[in-house]
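Me: I'm new to this one, so could you walk me through it with some questions and answers?

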Amino acid sequence: MDTHKKLLILGAGKMGGSLLRGLTASNKLDFDISVIEPNLSNDIQKLININAIEYYKSAENIKDPDFDLVIFAVKPQAVNEVCKGLVKNLSQKKIFSIISILAGTKIKEFEGFFKESPVIRTMPNLAVSEGSGFTALCGSINVNKSFKAIASRIFSEVGEVIWVDDEDMMDVITATSGSGPAYFFFLTECLALIAEEMGMSQQDSYKLSRQVALGSADVMRNSTESLASLRKKVTSKGGTTEAALDVLMDSEKEFYNIFKKAIKEAFKRSKELSN
Ligand SMILES: NC(=O)c1ccc[n+]([C@@H]2O[C@H](COP(=O)([O-])OP(=O)(O)OC[C@H]3O[C@@H](n4cnc5c(N)ncnc54)[C@H](OP(=O)(O)O)[C@@H]3O)[C@@H](O)[C@H]2O)c1
């Protein structure tokens with residue numbers, strides 16, 4: 001743990017900010033955290049003030065750059081420019097470890113700039129801000145056990161983690177888990193809109209759909225039963241849920257296939273971003 005004390009988070013937007021929120025809330029990891037972010041949001045600014053985090057508008061403002069670990073949380077489109085800037089401004093005398101959360105950005109891109117740095121590519125999702133994220137991790141060949149353990153600890157503080165050996169799996173994980181919360185938000189939105197169309201007030205329909213989503217998540221969290229078994233618990237023979245599920249789970253698998261088509265598009269986009 002001692003070898004990775006000084007942590008730099010590059011980019012505190014939606015994901016970098018969520019990770020920072022999760023890491024400071026968990027309060028268990030003993031890092032000196034610094035953040036580089038050109039445009040701080042008000043809530044991240046507050047978080048930085050409360051937790052006495054070092055803040056820089058850009059890498060050029062850092063006087064004594066000797067980080068042990070750098071987490072990249074910028075947009076994939078910005079990575080080349082950011083890496084070039086880091087090579088110029090941060091000391092390369094000290095070899096820092098790299099964790100990337102960038103979609104579609106391969107380990108070898110970082111290795112091109114920081115030849116000796118061990119690199120761990122990750123794909124977290126937005127729920128890391130709530131401590132209930134899901135993160136897949138994949139390491140370069142020079143990642144040792146201790147760095148692996150640190151990366152596991154960082155992301156375990158903010159949710160569940162898995163390791164994958166094959167970097168190509170990151171595209172599957174991006175399409176299913178990275179983008180995943182948006183699918184559930186959309187389903188919740190649909191439920192609210194339909195309830196509203198069927199006569200409920202807008203306020204009540206949003207209250208209802210959010211609570212259905214939260215309640216279902218709680219049931220899944222607290223149960224060891226399979227998802228199919230939980231579904232069957234709500235489905236009485238000849239009842240209302242069965243009537244709805246007969247449509248959702250029709251023999252043509254229409255709903256399943258459209259969902260799969262959407263995820264395959266996300267997968268394709270992740271691959272395009274990598275090339
Ligand atoms: N959003 C998700 O759910 C999600 C899930 C998994 C992975 N990711 C990955 O996380 C990364 C960030 O995504 P995001 O949604 O958090 O995007 P975002 O909100 O745009 O955050 C990126 C942040 O980096 C800042 N930035 C730009 N150049 C910088 C520099 N040179 N140094 C430091 N910071 C810089 C940006 O500032 P400006 O706005 O001023 O440019 C922005 O605040 C992406 O690579 C994405 O693939 C996102």
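Me: Let's start with Ala52: does it count as buried or exposed, and why?
Reply: Keep in mind that this is a predicted model. Ala52 sits in the loop between H2 and E3. A residue is called exposed if 12 or fewer other C-beta atoms lie within 10 Å of its own. Ala52 has 8 such neighbours inside 10 Å, so it counts as exposed.

Me: And what is the phi of Ala52?
Reply: Most residues other than glycine have a negative phi. Ala52, found just after H2, isn't a glycine, yet its phi is positive, at about 50 degrees.

Me: Which loop holds Lys253?
Reply: Lys253 is another non-glycine residue with a positive phi, near 50 degrees. It has 12 other C-beta atoms within 10 Å, so it is exposed. Its place in the chain is the loop between helix H10 (240–248) and helix H11 (254–274).

Me: Back to H2, then. Why do its buried residues line one face of the helix?
Reply: The buried residues of helix H2 (residues 42–50) are Ile44, Leu47 and Ile48. Looking down the axis of H2, these buried residues fall within an arc of 100 degrees, so they line one face. On the other side, Asn42, Asp43, Lys46, Asn49 and Ile50 are exposed. So the reason for the one-sided pattern is that arc of 100 degrees.

Me: What covers the buried residues of H2?
Reply: The residues needing cover are Ile44, Leu47 and Ile48. Their cover includes H1, strand E2 (32–36) and strand E3 (54–56).

Me: How many residues of strand E7 are buried?
Reply: In a regular strand the side chains alternate between the two faces of the sheet. Here Gly133, Thr135, Leu137 and Gly139 point one way from E7, while Phe134, Ala136 and Cys138 point the other way, and all are buried. E7 (residues 133–139) is therefore largely enclosed by the rest of the structure, with the buried count at seven of the seven.

Me: In which sense does E7 pair with E6, and in which with E8?
Reply: Strand E6 (residues 119–123) joins E7 over four bridges, one pair being Arg121 with Cys138 of E7. Strand E8 (residues 159–163) joins E7 over five bridges, and there Gly133 has Gly159 as its partner. The E6 pairing is antiparallel, and the E8 pairing is parallel.

Me: Which helix gives the largest share of the largest nonpolar core?
Reply: That core has 48 residues, and those touching the most other members are Ile9, Leu10, Val70, Ile71, Phe72 and Ala73. Ala73, for one, has contacts that include Ile9, Leu10, Leu19 and Ile101, leaving aside its neighbours within four places in sequence. As for the largest share, five residues come from helix H5 (residues 145–156).

Me: Which helix gives the most to the shell around the ligand?
Reply: The ligand is surrounded by 24 residues, the closest being Gly11, Gly13, Lys14, Met15 and Ala103. By class, the shell has 15 nonpolar, six polar and three charged residues. With three residues in the shell, the top contributor is helix H1 (residues 14–26).

Me: Last one: what share of the chain's residues is buried?
Reply: The chain comes to eleven helices and eight strands, and its C-alpha atoms fill a box of roughly 70 × 40 × 30 Å along the principal axes. Of its 275 residues, the buried ones make up 28%.

Key. Residues numbered from 1 in each chain as written. Predicted model: local features only at pLDDT ≥ 70, side-chain atom pairs only at ≥ 80, totals over all residues. Near = placed C-beta within 6 Å. Helix = DSSP H or I, 4+ residues; strand = E, 2+ residues; numbered from the N terminus. Nonpolar A, V, L, I, M, F, W, Y, C, P; charged D, E, K, R; others polar. Core = buried A, V, L, I, M, F, W, Y, C linked by C-beta atoms within 7 Å. Buried ≥ 20, exposed ≤ 12 C-beta atoms within 10 Å, placed from the backbone. Contact = placed C-beta atoms within 7 Å. Arc of directions from axis to C-beta. Pairing = 2+ DSSP bridges.
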